[in-house]
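Let's take a walk through a protein together, one piece at a time. Have the picture open and follow along as we go.

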Amino acid sequence: DRPNEPVFMEKGKAAVFDVPDKFLTDRYRPISTEVQSRFGEKAEQRIPVRDIAIPDLRIPMSLPRDAQFSLFIPAHRRIAGRLIDIFMGVRSVEDLQSVAVYARDRVNPYLFNYSLSVALLHRPDTKGLDLPSFAQNFPDKFVDSQVFRQIREEATVVPEGSRMPITIPRDYTASDLEPEHRLWYFREDLGINLHHWHWHLVYPFEAGNRDVVNKDRRGELFYYMHQQVVARYNLERFSNNLARVVRFNNLREPIAEGYFPKMDSLVSSRAWPPRFEDTKLSDLNRELDQINLDVSDLERWRDRIFEAISQGFATDESGNQVPLDDVRGIDVLGNMMESSILSPNRRLYGDFHNMGHVFISYSHDPDHRHLESFGVMGDSATAMRDPVFYRWHAYIDDIFQEHKARLSPYSVPDLSYDGVSVTGVQVSPEGGRPNVLQTFWQQSDVDLSRGMDFVPRGNVFARFTHLQHTPFTYTINVNNDSGAQRFGTVRIFLGPKTDERGQGMLFKDQRLLMIELDKFVVSLNPGQNTIRRRSTESSVTIPFDRTFRNLEASRPAAGSAEELEFNFCGCGWPNHMLIPKGLPEGLRCELFVMISNYDQDRVREIYTFKQVHKQFFLNFNTLSQIEQQLVGSCSDAASYCGVRDRLYPDRRAMGYPFDRLSRVGADRLINFLTPNMSIVDVVVRHENRVALRNS
Ligand code: CUO
């Protein structure tokens, strides 16, 4: 709560700010009694803090309190890595609390929040703890800055209980003169930006403790999650009569798209800088950020990555070959290109994607002569607002596809499931016509009071407008002719039926536009089976209420099993953005369903002896039957986020079966199908009406 307000510490009866340094709290020392009445007597909860050995915060404190903080800037990463190590290294939760309180008034609020969040997510003793929504702590990263004046007014003048929600305007960043502005509801969506911030929180690319970074297939997931973002963005462009996004592959070319965020940082009290149209990347020389890099450095890294892809191997720091094969290759490449500390050779392959963010975010002030900070591309909580994000990631994805195109296409046996055939597929929206999906606008309220420093307490709601769809159900008919019970993984994707000119699509283009809607395991009885699955159960998304965590009353009870589920799981595509907006006359799409052989999909965990022992008592299973248990581990948005502390719950390559080119003779989706797959024509229809969510 309240990123900039001081932590109020009291000892005995008198308030003390036993902080010798010159910080916020010094100012209040002479008036400690009054301050006590504001923060102390009215405090609902008092938390005892232990006396601790003072941690060495010299490195974390080297970032000024009012600076912007970016994980893409190497110097900031090192600073954050140090603070994460401090938080990870203390022995007990009580000690962590004391260290956190001590650090809280000394270090930059963004840095503090990020480092503590990473530590809380990764410490075994704090994993079940709730993290408040990042949008509530730092609403300035998500909301039009004009809203804050109104929120202050409302909170200061109107008593709690009678306050009205402040409506965030729908069209505040640009006008219809700018065609890119048609995508505002996607780029500026609260849930999408929260997902992206959360993804990078769960998958940091640097930390002193390697285990924090070294998660199962994290490089591949970096590729896949962002590939899907670009595919989803392209479907959204089709829903607005715009062509596919043009990759930013010529780093010397001016960036045609401008972006004016209209947001102010409440921490730095500065506006997020805009980028004017046709801005070029320039060599960076910013003393303050310890960045001295040329555009040609980026180009060199890129060329070496391409070279590794065409050779089929990377070269590690000792000169050994690291194969970029069809099993681990994409994972190695993901870590190499992002880059993370798992990159085989950061000196050779550099830090291409991250520094691309930095070059773009500093293109307005490359040598710091105007003393400006980075633009929205420099922060994972804001980057997806900018049209150039998608151009940059379309290029990154294009490089990944260069590798994928070199792998041999899936053969018919790689794709089929003997004895299992899909005989029918239908999607039915609630109260609507089959195979016609419906979207519309909805308004929802979010409490922003947590992030409002020096403002009277109590809820203040902001009202967002976002896309929504009528929930729907898939009905899938499956024949199991094998004569025995079988297990299968159902994989559901949606893609456009035609290209920008209304022509039917070739598989090689369409596969890049297939968005995953769901993936789940089913048991198939011999004979006919009917599978029903609701859109709200999607393995891609988190439930609507988890994105909009404003309804305190609807939260699960503290300490309950539901709360544990509710908590960790901020990562996940927002359910209200599951399908694209579509067109008023209907966007023509193809819904693809595949049932693959679960025997080849399932993941077995390698258990330690102790875990096996525990498992025995829990399930009375034999060792050979032990499969990965997912219950209670926050698995409901696993497709793009993985599962906490577990292996990625699907052994196939991410994006299977669309991650590779098609075999000879299957140049169109219809020819690609084996009997365990099916497609159905679906139309996505948008109705331009606004529904108010009854909260
Ligand atoms: Cu998520 Cu470029 O990695 O933003």
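Which residue in E20 does Leu587 stand opposite? It's Val684. Before we see where that pair belongs, keep in mind that this is a predicted model.

Leu587 sits in strand E19, which covers residues 587–597. Its partner here is strand E20, residues 677–692, and the two pair in the antiparallel sense over eight bridges. If pairing is new to you, the general idea is that strands of a sheet pair through backbone hydrogen bonds, either parallel or antiparallel.

Now zoom out a bit. E19 and E20 belong to an open sheet of seven strands, and if you step across it you meet E3, E12, E11, E20, E19, E14 and E15, in that order. The pairing in this sheet is mixed. At the edges you'll find strand E3 (166–167) and strand E15 (515–524), each of which pairs on one side only. Look for helix H11, residues 218–238, as well: it lies across strand E14 (486–496), E15 and E19, and it runs at about 115 degrees to E15.

Next, try another pair of strands. Strand E13 (residues 472–480) and E16 run antiparallel, joined by eight bridges. Here Val478 stands opposite Asn529 in E16. Is E16 tucked away or out in the open? Of its eight residues, 527–534, the number buried is zero, so this strand lies largely in the open.

Helices have their own story, and H12 is a nice one to follow. This helix spans residues 295–311, and its 17 residues reach 25 Å from the first C-alpha to the last, close to the 24 Å expected at 1.5 Å a residue. Its buried residues are Leu298, Trp301, Arg302, Ile305, Ala308 and Ile309. They cover an arc of only 120 degrees around the axis, which puts them on the same side of H12. Here's some background for that: an α-helix has 3.6 residues a turn, so residues three or four places apart point the same way.

What do those buried residues of H12 pack against? The list is strand E8 (313–315) plus helices H13 (329–338), H14 (346–349), H15 (352–361) and H16 (387–404). Over on the other side of H12, Ser296, Asp303, Ser310 and Gln311 are exposed. Just after the helix comes Gly312, with a positive phi of about 85 degrees.

Finally, the whole chain. Its secondary structure comes to 24 helices and 20 strands, and 43% of its 695 residues count as buried.

Definitions and conventions. Residues numbered from 1 in each chain as written. Predicted model: local features only at pLDDT ≥ 70, side-chain atom pairs only at ≥ 80, totals over all residues. Pairing = 2+ DSSP bridges. Helix = DSSP H or I, 4+ residues; strand = E, 2+ residues; numbered from the N terminus. Contact = placed C-beta atoms within 7 Å. Axes fitted to C-alpha atoms, helices over the stretch in contact; angles between N-to-C directions. Buried ≥ 20, exposed ≤ 12 C-beta atoms within 10 Å, placed from the backbone. Expected span 1.5 Å × (residues − 1). Arc of directions from axis to C-beta.
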